[in-house]
Amino acid sequence: MLKEKVEKALNKQIELELFSSQLYLSMASWAEKNGYNGSADFLYIHSDEEREHMLKLFRFVNDRGGHAIVPEVKQPKLEYDSINAVFEEILEHEKMITSEINNLVGVCYEEKDFTTVNFLQWYVEEQVEEESLFSNILDKLNLLGGDKARFYMFDNEMGNLSATSTDSEDAE
Ligand code: OFO
């Protein structure tokens, strides 16, 4: 049985993962409307992956005797100044998620809920991968300068990347 404090913290994380999914969906839409089709494909898939992260937590809360709560839908930002701005925001967002996951693990230690600590290890590792992925993408983008042909190649690369899942393992 989940302790109340842990259940509340897990439900907060459910809300954050679902918001990540919404945010990346909004970014995918912006990218598609602005001709970055490869990046859009990548972002659509990443949005689905965030929903999987949410669902994995959702099922865990109910399996442990808690009540997983479907959060209200908050509208993410709709417009971006550039594709660089999109990936800058993603990296900042993922850093925030990492710090929230760390806080969540902290709550579980305080409550001596080591089962949930174990379960959350997947998220801890996933955040290392995601921060490194987005920081590499940003490094590449920052090297492009204003060269349109290079942006086109970058976008193609993003399309190829979307063919492979970025998750360290499939979220069950
Ligand atoms: Fe972007 O990763 Fe979920 O947790």
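What follows looks at the salt bridges in this structure, which is a predicted model.

Eight salt bridges turn up in total. A good place to start is the pair formed by glutamate 110 and lysine 5, whose closest N and O atoms sit 3.3 Å apart. Glutamate 110 belongs to helix 3 (residues 83-110) and lysine 5 to helix 1 (residues 4-33), so this contact ties together parts of the chain that are 105 residues apart in sequence. As for solvent, glutamate 110 is exposed, at 56% relative accessible area, while lysine 5 comes out as partly exposed, at 45%.

Helix 3 shows up again in the next pair, where the side chains of glutamate 89 and lysine 77 meet with an N to O distance of 3.1 Å. Here glutamate 89 is the helix 3 partner, and lysine 77 sits in the loop between helix 2 (37-63) and helix 3, so the parts tied together are twelve residues apart in sequence. Both ends are partly exposed: glutamate 89 has a relative accessible area of 24%, and lysine 77 has one of 42%.

Another of the salt bridges brings together the side chains of aspartate 147 and arginine 150, with 3.8 Å from N to O. That value still falls within the 4 Å cut-off, so the pair counts as a salt bridge. Aspartate 147 is partly exposed at 33% relative accessible area, and arginine 150 is likewise partly exposed, at 41%.

Some of these contacts also link up: Lys5, Glu110 and Glu111 are joined into one network by salt bridges that share partners.

Definitions and conventions:
Residues are numbered from 1 along each chain as its sequence is written. This is a predicted model: local features need pLDDT of at least 70, side-chain atom pairs count only at pLDDT 80 or more; totals for chains, interfaces and linings use all residues. Side-chain values use heavy atoms; hydrogens and water are left out. Helices (H or I, at least four residues) and strands (E, at least two) are DSSP runs, numbered from the N terminus. Buried means under 20% relative accessible area, exposed over 50%, partly exposed in between (1.4 Å probe, protein chains only).
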